[in-house]
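Subject: Two-chain model for you to look over

Hello,

Here is the structure I promised. Please open it first, then read my notes beside it.

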Amino acid sequence: MSANDNDLARELAIYQRALQREKQARLDAEQLLENSTRQLYQQNQTLQQQQAAMLQNEKLATIGMLSAGIAHEINNPLAVVLSNLNALTDYTEQLLTLLEQVQQWQQQGTLNASAAERFTQLDSQADFAFLAEDAPDMMEDMREGLIRVQDIVSNLKTFSRTRPGERQQVDINQCIQTSLRLVNNTIKDHCSVVTDLPPLPEVAVNNSELSQVFMNLIINAAHATEDQHGQIQLRTRQQADCLVIEVEDNGCGIPENLCKDIFNPFFTTKPPGKGTGMGLSVAHSIISNHGGTLTVNSTPGLGSCFTICLPLDMKQPLSVTEHPIKP
Amino acid sequence: MKGIVFNILEQMVIEKAGLAAWDQLLQDVQPASQGIYTAGGNYPDEEVVQLASRASEMLDIPLNTLVTAFGSYLFSNLVKKHPVFVEQQPDFFSFLKSVHDVIHVEVRKLYEEPSLPHFRYTQLNTQQLRLEYRSPRKLCMLAEGLIAGAAEYYAVRYQLEHPVCMHKGADHCEFLITLEP
């Protein structure tokens with residue numbers, strides 16, 4: 001091999017090494033690009049989830065404001081209607097007593113002929129017997145309907161309340177057990193309840209509001225297991241700086257397309273007259289006002305698990321990113 | 001240190017001394033990266049120091065002179081890649097003052113943990129700027145080269161004093177830049 005050939009071979013080796021380095025550098029660059037793209041995709045996903053949670057919160061806030069106005073406007077005429085209905089019930093009872101007396105006089109023949117004839121004429125037109133039987137039922141139905149409207153208005157007020165109610169140091173486990181006792185009669189025929197409530201530090205909450213949340217969730221869970229004798233599990237635990245409360249059932253679950261709506265006011269899957277659709281939205285609102293989060297994880301056919309995270313320090317609300325509203 | 005610095009160092013060595021010189025440099029230094037540098041990658045700081053030291057021996061140029069020359073070369077190549085940063089600044093001093101608050105902010109958007117140096121500026125008068133440089137890498141000579149590259153771009157003549165230096169036991173370096181008429 002000549003000196004020239006040696007030089008060429010050396011030069012070729014240099015270029016080959018340079019080529020190898022370039023090839024490897026290109027592979028490294030592609031790997032970097034792939035990693036960055038993956039990271040970007042994940043960040044985009046997180047951003048979309050946060051945006052969805054933000055939209056949901058904004059929607060609830062808007063509905064909250066509207067609700068406050070509606071509740072205020074309905075409340076005053078409602079009070080008048082309820083009060084008048086109570087008075088009308090009394091009046092009706094008195095008129096029915098009078099009617100009964102006239103009927104007795106009619107039967108006893110103590111009415112004069114023209115009065116008896118007029119009463120018979122009126123009775124054939126109005127059917128007093130039916131009227132006497134139906135009127136109290138109608139009054140009662142109306143009263144029940146109005147009390148239902150009153151409940152809805154009261155729920156709307158709770159939902160739209162922005163200021164925290166009176167708070168005290170509460171043992172959440174005790175609050176859950178009290179709620180359970182209150183709803184026991186309603187749920188005992190549908191399902192059994194299993195509790196896992198290890199000791200927890202007390203937390204400053206509004207006891208009656210929290211109790212309302214637990215009752216709503218337990219009753220919902222019981223309704224979800226209505227068709228099969230189901231089981232509800234109530235679990236609590238401390239996780240870092242918050243208390244976690246889980247209400248899990250093995251009921252029918254929630255279809256994926258409905259999950260996004262369940263915290264909206266007036267959203268219900270129950271038949272008309274069976275639910276106001278305010279339970280979960282009120283629960284969500286109460287937990288949010290306590291600086292916590294309420295989320296759901298559900299599999300149709302297998303059941304649902306509602307998870308509440310309450311910050312131990314109520315001055316530090318949990319951020320949306322830590323506990324997003326799902327889905 | 002970001003791979004782009006190594007890419008430009010490689011480009012300078014090849015341009016000035018040929019591919020064989022760069023190949024020899026890598027054979028001599030045997031860097032952990034095997035000389036495979038990607039602009040967006042991170043590589044040990046020692047490698048640039050080892051490569052510069054060996055290049056200084058090979059080319060028989062004092063290390064400080066070589067590093068400063070590289071700084072100037074680095075600047076002109078970075079300008080080709082990202083011209084917007086100089087286009088946004090009307091003069092030499094405003095460019096130097098934008099390094100920390102504009103350029104480094106943009107670098108952080110592109111690269112994770114770029115471990116950038118920290119600069120502080122004091123404009124003493126229209127002709128004088130005091131620049132404080134802090135970096136665990138202590139690459140003040142490279143900074144001097146980058147300043148020289150910027151001065152060349154803005155076509156200004158200047159005098160540079162380096163009265164406080166990390167290589168003389170200080171916790172930071174100070175450059176006093178005075179514009180010449």
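Helices and strands here are DSSP runs, with at least four residues for a helix and at least two for a strand, numbered from the N terminus. By that count, B:Lys138 lies in the loop between S2 and H7 of chain B. Bear in mind throughout that this is a predicted model.

**Two loop residues in chain B**

B:Lys138 has a positive phi, near 55 degrees, and is not a glycine. Is B:Lys138 buried or exposed? Neither in full: a residue is buried with 20 or more other C-beta atoms within 10 Å and exposed with 12 or fewer. B:Lys138 has 18, so it is partly exposed.

B:Gln34 is another non-glycine residue with a positive phi, about 60 degrees. Look for B:Gln34 in the loop between H2 and H3 of chain B. B:Gln34 has 12 other C-beta atoms within 10 Å, so it counts as exposed.

**The core in chain B**

The largest nonpolar core has 44 residues. The members that touch the most others are B:Leu9, B:Phe70, B:Leu96, B:Ile147 and B:Ala150. Elements of chain B that each supply at least two residues include helix H1 (3-17), helix H4 (63-81), strand S2 (128-134) and strand S4 (173-179). Which element gives the most? That is H7(B), with 8 residues. Domain 1 (3-61) and domain 2 (71-179) of chain B each contribute at least three residues to this core.

Take B:Ile147 as a way in. Leaving out residues up to four places away in sequence, B:Ile147 touches B:Leu96, B:Leu160, B:Phe175 and B:Ile177. Another core, of 40 residues, lies apart from that one. Among its members are A:Val213, A:Phe214, A:Cys242 and A:Ile254.

**Helix H6 of chain B**

H6(B) bends by about 60 degrees at B:Val99. B:Val99 is also one of the buried residues of H6(B). The others are B:Phe92, B:Phe93, B:Phe95, B:Leu96 and B:Ile103. The buried residues of this helix pack against helix H5 (84-87), strand S1 (118-125), S2 and H7 of chain B.

**Chain A**

Chain A has 7 helices and 7 strands. From the N terminus, the order is α-α-α-β-α-β-β-α-β-β-α-α-β-β. Of the 327 residues in chain A, 23% are buried. Among contacts in chain A with a separation of 6 or more, 78% join residues 24 or more positions apart.

Strand S7 (residues 303-311) of chain A deserves a look. Why is S7(A) largely enclosed by the rest of the structure? Because 7 of its 9 residues are buried.

S7(A) has these pairings:

- Strand S5 (residues 242-249) of chain A pairs with S7(A) in the antiparallel sense, over 8 bridges. A:Glu246 is bridged to A:Thr307 of S7(A).
- Strand S6 (residues 293-299) of chain A also runs antiparallel to S7(A), joined by 7 bridges. A:Val296 is bridged to A:Phe306 of S7(A).

S6(A) and S7(A) form a hairpin, with 3 residues between them. In that turn, A:Gly301 has a positive phi of about 90 degrees.

**Where the chains meet**

How many residues does each chain bring to the contact? Chain B gives 9 and chain A gives 9. On the chain B side, 4 are nonpolar, 4 are polar and 1 is charged.

Best wishes

Key: Residues numbered from 1 in each chain as written. Chains lettered and ligands numbered in written order. Predicted model: local features only at pLDDT ≥ 70, side-chain atom pairs only at ≥ 80, totals over all residues. Pairing = 2+ DSSP bridges. Contact = placed C-beta atoms within 7 Å. Nonpolar A, V, L, I, M, F, W, Y, C, P; charged D, E, K, R; others polar. Core = buried A, V, L, I, M, F, W, Y, C linked by C-beta atoms within 7 Å. Domains from an automatic or database assignment. Bend = angle between axes of the 7 residues up to and from the residue.
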